[in-house]
Amino acid sequence: MSNVALLKFKSKFSKESLSVIVIKSIGLLLKFGLAVLLARYLGPEKYGIFSITMSILVILSIPIQAGLPSFIVRKISKFRAYNDANSCNELVNSTIKKIFIYLIVLSIPYFLVLKFGNFDKYQDILKMGIIFILLSSLVVLFSSVLRGMGRNIAGIVSEELIKPG
């Protein structure tokens, strides 16, 4: 590698690294601010229920997101190298279908628990759970697609600033 190419690489690498640090810091501050606002708005009891619900939902979303980001980045990068846009589209479409199938399968017992459990006061918070899993899964998918296409900063922005918790 020539010195000029090495300097360009170092410059780009340091700019992207600094951008990632700034984006992640902003994301953490926003999440902290959101937690404070939610705690004040909901009150101790409802915020506790919200926190437990979010923890359960993060655990329930693990099967759909386990390995998904790195798989999508790897495949999109490969398809991009071969200029194979059709395979990229097929991969994204099939992944979206799998996300919806998982949500349908997950929704049945989830709504049965809501219907027959004693959760009348917390119905709204619990119903938002399925929407949370859908949105967070789609954000992870599209963030991975962006990173696979070489848009690392845009992928990190979408994942850090849009995805809750």
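**Briefing on an all-helical pattern**

In this predicted model, Leu38 is one of the residues found in helix H1. Leu38 is a useful place to begin, and the overall make-up of the protein, helix H4, the nonpolar patch and a few single residues follow. The protein has six helices and zero strands, and read along the sequence it follows the pattern α-α-α-α-α-α.

**Leu38 and its surroundings**

- With a relative accessible area of 21%, Leu38 counts as partly exposed, because burial would require a value under 20%.
- When neighbours within four places in sequence are set aside, the residues in contact with Leu38 are Gly43, Tyr47 and Phe50.
- Of these contacts, Phe50 stands 12 residues from Leu38 in sequence, and the C-alpha atoms of Leu38 and Phe50 are 9.1 Å apart in space.

**Overall make-up**

- The protein has 165 residues, and 28% of them count as buried.
- Where contacts join residues at least 6 apart in sequence, 66% of those contacts link residues at least 24 apart.
- The accessible surface of the protein is about 11,100 Å², and carbon and sulfur atoms account for 69% of that area.

**Helix H4**

- Helix H4 runs through residues 85-116 and has 32 residues, and the distance from its first C-alpha to its last is 47 Å, which is close to the 46 Å expected at 1.5 Å a residue.
- A kink of about 30 degrees is found within H4 at Ser107, shortly before the proline Pro109.
- The residues of H4 that are buried include Ser87, Cys88, Leu91, Val92, Thr95 and Ile99, and also Leu103, Leu106, Tyr110 and Leu114; Ser107, where the kink lies, is likewise one of the buried residues.
- Ile104 also lies in H4, but at 55% relative accessibility Ile104 counts as exposed, because its value is over 50%.
- Ile104 and Ile130 are 26 residues apart along the chain, and their C-alpha atoms are separated by 9.4 Å.

**The nonpolar surface patch**

- Leu18, Val22, Ile26, Leu30, Leu161 and Ile162 together make a nonpolar surface patch of about 540 Å².
- Helix H1 (3-60) and helix H6 (152-162) each supply at least two residues of this patch, and H1 gives the largest share, with four residues.
- Ile26, one of the patch residues, has its place in helix H1, and with a relative accessible area of 39% it is partly exposed, because that value falls between the 20% and 50% limits.

**Ser158 in helix H6**

- Ser158 lies in helix H6, and with a relative accessible area of 12% Ser158 is buried, because this value is under 20%.
- Ser158 and Leu146 are 12 residues apart in sequence, and the separation of their C-alpha atoms in space is 9.1 Å.

**Asn83 in the loop before H4**

- Asn83 belongs to the loop between helix H3 (68-81) and H4, and Asn83 has a positive phi of about 50 degrees although it is not a glycine.
- Most residues other than glycine have a negative phi.
- The relative accessible area of Asn83 is 71%, and Asn83 is therefore exposed, as the cut-off for exposed residues is over 50%.

Conventions:
Residues numbered from 1 in each chain as written. Predicted model: local features only at pLDDT ≥ 70, side-chain atom pairs only at ≥ 80, totals over all residues. Heavy atoms only, no water. Buried < 20%, exposed > 50% of the residue type's maximum accessible area, 1.4 Å probe, protein only. Contact = heavy atoms within 4.5 Å. Areas by Shrake-Rupley, 256 points an atom, 1.4 Å probe, with all protein chains shown as cover. Expected span 1.5 Å × (residues − 1). Bend = angle between axes of the 7 residues up to and from the residue. Patch = residues over 30% accessible without salt bridge, like charges linked within 9 Å, V, L, I, M, F, W, Y side chains within 5 Å. Salt bridge = Lys/Arg side-chain N within 4 Å of Asp/Glu carboxyl O.
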